[in-house]
Amino acid sequence: MAVETAKALSGKDLVGIAPLEPGEIRLILETAEQFLEIARRPIKKVPTLRGLTVVNLFMEPSTRTRFSFEVAEKRLSADTLNFSASTSSVTKGETLVDTARNLMAMAPDFIVIRHSRSGAPHRLAKLVPASIVNAGDGINEHPTQALLDAFTMMRRFGGLEGLTVTIAGDIRHSRVARSNTFLLTKLGAKVRLAAPASLLPLGVEALGAEVHTRLEPAIEGADVVMMLRIQQERQDRLNFPTQREYYDFFALTPERLELAAPHALVMHPGPMNRGVEIDSSVADGPRSVILEQVTNGVAIRMAILYLLAGGHREAADS
Amino acid sequence: MTADGRTGGHRVVLDEAAFGRTLARMAAEIVERDGGDVMLVGIQTRGAPLARRLARLIAEATGASVPVGTLDITLYRDDVGPWRPAHQQPVLKRTSLPEPIDGRVIYLVDDVLFTGRTVRAALDTLVDYGRPRAVRLAVLIDRGHRELPIAADVVGRTIETSRDEDVRVEVAEVDGRDRVWIGKEVEHGG
């Protein structure tokens, strides 16, 4: 499968991986490569987005993603405004539409949004002229996470085609698993999703991945093992008996990692629950690229902002 | 794309032999001015191979080892961003400086000096990496039409052009051969 790199992104927004063409994904990944170098300079800042305003609208708690976006924005010289759920009027009952209208009065060029409701970024994208970047919406997508994961794999393996990637944990509530599955299958990697049956979403087969309810066969020979945490905040009751039992059956332990390919990478989008889905010795072990994922995340987000700042095909055509 | 097969509309300014002689003379001028203790930084795309070749010539003449870097100036351009009419961001290329530039004599190397805007962006890029003792500019072709107060220190060839003419520099490493020609159509920015 020879995917040709696109010359530009086709839309004004990045709301998910699902609507992207493989060539657009490649464009983002290849552009990110050059942004890595900026972090190694004495002055880690370029003037590219000078005078542009980015609103970071985080209606759900986030540390790593919010910081990562903010670092990316600042390194591109954009002005940033931060709205988080606890301090904004959203907690006072304002609707997303009203929040958006008020934000537009400040004329932002980008809105980075995280929201507990699936589809919130798509709705916002139709309402406002600013470029919307989805930083995680409900259980739908987390496209920048999938892009940084793919970027990390690509940098380690040279490409994604033919890789076997195991994603294990709370698949049912994971937008990371969804975005990663969309992305990896579009670029020719094989995805295995592994979770206890109670943590698999309905219709999981439709995602185009191999589905496992036991961890061991899912890890067998894998090039990448990506562990996900249990999303307590998205379930009323636990879908497994105890954390201890979950660890016994579904944690990535040194013994289980032995089943993967000898060169296998261990990934985790964070936040990690040590001793639940991953053993500390694996998280901190030689195969772990968890901190590399964080570094790469800044470069991916810079690439996305840079590419979206170029405008989009629809606008140029009209 | 080359000009092969086209009969009119273009003229060759430097053929392969003249190209080689011009680079040799530029290297000699750099040595005469600063000796071998210089660092060459080629502006992407075609400044990069030109910088590597000049460095080799300077090293041969002086016995010094001459470090070579590359600079991508895209993120410092004054025509990148949403205010730009085009809808396509330029592809980013590698920036790599082999050693610190503090206190060094840096030669920026580019193929064509035209409006001067590329050089302005290159100067801004460079100062984010440190404080060189001096920055000089070496270009293969100076075609005039400056829009900023910028001049080259070492020039391979100065040519008269009209504004709408396209000066094409072909470099073996990128285009398969060394040649400079002028055509009417604008195929890439110089």
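## Strands, crossovers and two loop residues

Guide: In this predicted model, Leu71(B) of β3(B) has Ile43(B) standing opposite.

Visitor: What makes β2 (residues 39-43) of chain B and β3(B) a pair?

Guide: Pairing needs at least two bridges. β2(B) and β3(B) have four, in the parallel sense. So the pair qualifies.

Visitor: Which element joins β2(B) and β3(B) in a β-α-β unit, and what is the hand of that unit?

Guide: The joining element is helix α2 (residues 47-62) of chain B, and the unit is right-handed. Right-handed means a clockwise path over the helix, with the strands pointing away from the viewer.

Visitor: Where does Asp72(B) lie?

Guide: In chain B, Asp72(B) sits in the loop between β3 (68-71) and β4 (105-113).

Visitor: How do you know that Asp72(B) has no salt bridge?

Guide: Look at the nearest side chain of opposite charge. That is Lys93(B), 5.6 Å away. A salt bridge must fall within 4 Å, so this pair fails the test. Asp72(B) is nonetheless buried.

Visitor: What makes the link between Asp72(B) and Thr74(B) a polar contact?

Guide: Their side chains are joined at 2.7 Å. The cut-off is 3.5 Å, so the link counts.

Visitor: Which residues beyond four places in sequence does Asp72(B) contact?

Guide: Among them are Gln44(B), Val91(B), Lys93(B), Arg94(B) and Thr125(B).

Visitor: Why is Gly116(B) called buried?

Guide: Its relative accessibility is 3%. The limit for buried is under 20%, so Gly116(B) passes. Gly116(B) is found in the loop between β4 and α3 (117-127) of chain B. Not counting residues up to four places away in sequence, it touches Arg146(B), Leu148(B) and Ile150(B).

Visitor: How many of the 190 residues in chain B are buried, as a percentage?

Guide: The buried share is 51%. Chain B holds four helices and eight strands.

Visitor: Turn to chain A. Why is strand β4 (residues 131-137) of chain A described as largely enclosed?

Guide: Seven of its seven residues are buried, so the rest of the structure largely encloses β4(A).

Visitor: What makes strand β3 (residues 110-115) of chain A a partner of β4(A)?

Guide: Five bridges join the two, which run parallel. At least two are needed, so β3(A) and β4(A) pair. Within that pairing, Phe110(A) stands opposite Ser131(A) of β4(A). Helix α4 (residues 120-127) of chain A carries the chain from β3(A) across to β4(A), and this β-α-β crossover is right-handed.

Methods
Residues are numbered from 1 along each chain as its sequence is written. Chains are lettered from A and ligands numbered from 1 in the order in which they are written. This is a predicted model: local features need pLDDT of at least 70, side-chain atom pairs count only at pLDDT 80 or more; totals for chains, interfaces and linings use all residues. Side-chain values use heavy atoms; hydrogens and water are left out. Buried means under 20% relative accessible area, exposed over 50%, partly exposed in between (1.4 Å probe, protein chains only). Lys and Arg count as positive and Asp and Glu as negative; His and the chain ends are not counted. A polar contact is a pair of N or O atoms within 3.5 Å; within protein, one must be able to donate a hydrogen and the other to accept it, and residues adjacent in sequence count only if both atoms are side-chain atoms. Contact means heavy atoms within 4.5 Å.
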